[in-house]
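Open the model in a viewer and keep the selection panel at hand. The stops below go chain by chain, from overall layout to single residues.

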Amino acid sequence: MTVSRRNLFAYAFAGIAAFGLASGSASAKVEGDTIILGSAISLTGKYATNGIHAQNGYEFAVKKINDAGGVTVNGKSYKLKVTYYDDESTPARGAQLAERLINQDGVKYMLGPYSSGLTKAIAPVTEKYEIPMVEAEGASRSLFTQGYKYLFAVLSTSEQYLASSIELAAEVAKNQGKDPSEVKIAMAFENDPFSLDVRAGVVDDAKRFGMQIVIDDKLPRDLSDMTATLTKVKALKPDLLVVSGHSKGAATAGRQIQELKIETPMIAMTHCEAADVVGKYGAGATEGLLCPTQWAETLSYSDPLMGTAAEYDAEFKAAYPEYKTVPYQTAQATAAVMVWADAFERAQSFDPKDLRDALAATDMKTFYGGIKFSEAGNNIAKPMVLRQIQDGEYNVVAPSKWASSELRYPRQPQY
Amino acid sequence: MFENLYLVYLAPLMGVDLILQGLFIGALFALIAYGLALVWGVMNVKNLAQGDMVILGGYISYQATLWGYHPMLAMPVAIILMFGLGWLIYALIIRRVVDRDMFTSLLATFGLSLLIQQVLNLIYGPEVKVAESGFGNFQLDTFIIIQNVRLYSLLIAGALAIAIVIFMKKSRMGQAIRATAQDARAARVLGINTDRVYAFTYALNASICGAAGVLVAMIWVIQPYYGIVYSIRAFIIVTAAGLGNLPGVILTGFGLGAWENVAGFMFGAEFAVAAVVIMLVLVLMYRLLQSYRVRQVVR
């Protein structure tokens with residue numbers, strides 16, 4: 001028999017497909033009494049630190065849920081287990097590994113990777129195979145404008161990061177008998193997708209109050225120097241300065257605000273903790289900075305499994321003694337696994353489509369905050385909270401419902 | 001843009017501050033570009049790992065702070081350590097590519113750049129680090145605040161540059177380096193051990209990068225992947241100044257720093273890099289026109 005080249009390809013393809021199916025069913029989504037979740041996560045490369053924070057959060061949740069009896073589906077109780085692959089902090093590898101998890105390992109339930117960039121690379125894959133993914137570490141607004149049906153995120157999206165500081169500035173203005181529209185805002189954002197999302201949220205809120213934006217600088221992605229922008233700040237004397245540019249932006253701003261003795265009464269910036277500005281520049285220089293966070297252990301959220309936020313914090317530290325503080329990346333990863341467990345119990349099914357519908361109907365209270373997904377898949381039940389650095393401690397000052405401390409205004413740094 | 005010009009018009013001292021800050025930045029760029037020009041000119045190797053060597057120097061000063069020493073004390077250590085490392089890198093890698101075509105050396109130094117990044121990432125993690133100098137500031141005016149660390153770095157960069165120039169002019173090795181740069185084969189014929197000259201040049205460049213890195217860690221921030229910032233600027237400076245024009249490299253470094261800072265203020269920070277690159281294009285066009293004119297004269 002002669003086989004034409006085209007036929008040869010067809011045979012080869014069929015062979016590979018058959019092999020894929022066979023191996024897929026051999027290691028199915030549920031093995032015995034274990035439900036297998038999958039995640040590509042950054043264990044090496046530039047996101048390794050946060051990737052490992054997230055992985056520890058996943059693992060902690062899995063252990064707690066299993067210790068409490070697992071997940072009950074159709075009267076039988078199942079344990080959870082997560083299969084991880086290291087995406088090396090590169091989006092292309094992340095997408096490859098998602099394919100591998102779904103096609104070769106037969107994973108039907110995905111947990112997210114770390115960072116918006118990786119989530120953006122993986123979401124089209126899970127969407128293509130109609131595999132639901134609950135992610136905890138991709139905040140970019142653009143993830144939720146693509147019409148994805150199988151993507152759910154437990155965290156607040158990036159445009160909410162600093163929006164609360166605008167609200168706070170308006171409150172302060174009112175208390176001083178001024179109209180919020182008199183507030184002058186200076187903005188310095190790194191020119192990258194995440195920071196520009198944060199900026200969009202600030203601009204929207206500033207417009208809502210009719211505030212004046214007197215500086216709107218987009219810092220280049222590479223060089224970490226803000227002196228030109230800060231010189232402008234000195235000249236124009238805004239009431240509020242907002243900065244966002246990942247850890248580099250926070251580290252640079254923290255240093256140069258101190259060096260140039262910036263007197264702005266209110267300064268809000270993202271990534272204070274990630275850049276460890278207090279550790280680097282001391283409590284005096286960073287006094288009064290406002291830093292948004294997804295979660296803080298002092299918040300009064302709670303749920304039956306993890307207890308309160310403070311109890312989660314204590315238990316996690318006991319399980320992972322290398323942590324002195326629990327990063328929010330870990331808490332939200334834990335929440336993502338809890339969302340999966342909740343969806344299994346409500347769906348009483350292992351079918352990805354049923355589970356997707358159950359996920360879409362999620363409405364739960366957790367130690368991490370409320371979780372309820374919008375049509376687009378982002379969490380609309382949990383606000384960003386704003387913490388102020390007060391004598392070197394991060395204290396929640398807004399929104400007022402969750403505040404544990406009074407806002408110190410104007411800030412009184414010691415340069 | 002016009003409101004920014006108006007601001008400077010209202011407070012002219014602010015303009016002075018911008019230019020001063022720019023010159024401080026420029027001094028460091030000049031130093032880094034000087035090392036690049038040296039290796040490029042003498043060995044015809046375009047060192048893509050230039051910025052990563054700077055960052056490596058930065059981590060040496062960061063490590064000093066971890067051990068409780070002042071980061072400035074790391075300067076001589078960085079110079080010596082990086083010299084040794086530079087020599088080692090030459091012996092292991094660069095020696096094999098120095099006589100090959102441009103792409104081989106580009107690939108080799110690019111690989112080296114990746115290697116340095118990943119090793120630093122493994123040791124120190126991907127977080128942003130700084131080395132606090134605690135030197136403080138002095139204030140001349142509301143708008144002119146000089147960070148002492150930048151002033152010192154200007155002085156140190158200047159001193160290093162002068163030392164290198166004297167070294168190149170007066171010392172035996174300096175003369176050998178210049179001879180090799182002019183014509184490596186002729187130098188070899190005349191008994192210069194060009195292999196040693198190359199090794200020394202590359203090691204000297206690594207030292208310069210190390211010293212610059214110590215200053216970078218005290219002025220800005222370091223992270224394993226930030227080397228590219230310094231590589232790019234060094235390449236821009238050397239391209240604009242022209243090869244073999246070392247005083248030109250230093251002047252261009254200062255000019256680039258000042259122009260970048262002023263342009264960032266005038267047009268908004270997002271256009272600072274664009275302004276620099278446009279200036280580079282203008283310089284290159286001017287040179288091209290000039291060379292046409294020269295050719296016409298010859299004809």
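Start with chain B, whose elements run α-α-α-α-α-β-β-α-α-α-α-α-α-α from the N terminus on. That makes 12 helices and two strands in chain B. This is a predicted model, which applies to every stop on the tour. With 299 residues, chain B has a radius of gyration of 20 Å, close to the 19 Å of the globule rule, so chain B is as compact as a globular protein of that length.

Show the C-alpha trace of chain B and turn it along its principal axes: the C-alpha atoms fill a box of roughly 65 × 65 × 35 Å. Colour by accessibility next; 54% of the 299 residues of chain B are buried. Of the contacts in chain B between residues at least 6 apart in sequence, 76% join residues at least 24 apart.

Now put a surface on chain B. Its accessible area is about 13600 Å², and carbon and sulfur atoms account for 70% of that. Select the charged side chains as well: chain B has 18 positive and 12 negative charges, and their mean positions lie 18 Å apart.

Next, select residues 50–66 of chain B, which form helix α3. How far apart are the end C-alpha atoms of this helix? They are 25 Å apart, which agrees with the 24 Å that 17 residues should span at 1.5 Å a residue. Hide and show the surrounding chain while keeping α3(B) in view: 15 of its 17 residues are buried, so α3(B) is largely enclosed by the rest of the structure. Step just past α3(B) to B:G68, where phi is positive, at about 90 degrees.

Move to chain A, which has 13 helices and 18 strands. Its C-alpha atoms fill a box of roughly 85 × 55 × 40 Å along the principal axes. A compact globule of 415 residues would have a radius of gyration near 22 Å, and the 23 Å of chain A agrees with that.

Apply the accessibility colouring here too. Buried residues are 59% of the 415 in chain A. Taking the contacts of chain A with a separation of 6 or more, 67% are between residues 24 or more positions apart. On the surface, chain A exposes about 16100 Å², with 52% supplied by carbon and sulfur atoms. Selecting the charges of chain A gives 43 positive and 49 negative ones, with mean positions 4 Å apart.

Select residues 227–236 of chain A, helix α7. Is α7(A) largely enclosed or largely open? Eight of its 10 residues are buried, so α7(A) is largely enclosed by the rest of the structure. The buried residues include A:T227, A:L230, A:V233 and two lysines, A:K232 and A:K234. After α7(A) comes A:K237, with a positive phi near 45 degrees.

For the last stop, go to the loop between α12 (328–347) and α13 (352–360) of chain A and select A:S349. Buried or exposed? A:S349 has 11% relative accessibility and therefore counts as buried, the cut-off being under 20%. Show its neighbours: leaving out residues up to four places away in sequence, A:S349 touches A:V73, A:F344, A:D354 and A:L355. Draw a distance from A:S349 to A:V73; the two are 276 residues apart in sequence, yet their C-alpha atoms are 6.6 Å apart in space.

Conventions:
Residues are numbered from 1 along each chain as its sequence is written. Chains are lettered from A and ligands numbered from 1 in the order in which they are written. This is a predicted model: local features need pLDDT of at least 70, side-chain atom pairs count only at pLDDT 80 or more; totals for chains, interfaces and linings use all residues. Side-chain values use heavy atoms; hydrogens and water are left out. Helices (H or I, at least four residues) and strands (E, at least two) are DSSP runs, numbered from the N terminus. The expected span of a helix is 1.5 Å times one less than its number of residues. Buried means under 20% relative accessible area, exposed over 50%, partly exposed in between (1.4 Å probe, protein chains only). The radius of gyration is taken over C-alpha atoms; the globule rule is 2.2 Å times the number of residues to the power 0.38. Contact means heavy atoms within 4.5 Å. Accessible areas come from the Shrake-Rupley method with a 1.4 Å probe; for residues, only the protein chains shown count as cover. Lys and Arg count as positive and Asp and Glu as negative; His and the chain ends are not counted. The place of a charge is taken as NZ of Lys, CZ of Arg, CG of Asp or CD of Glu.
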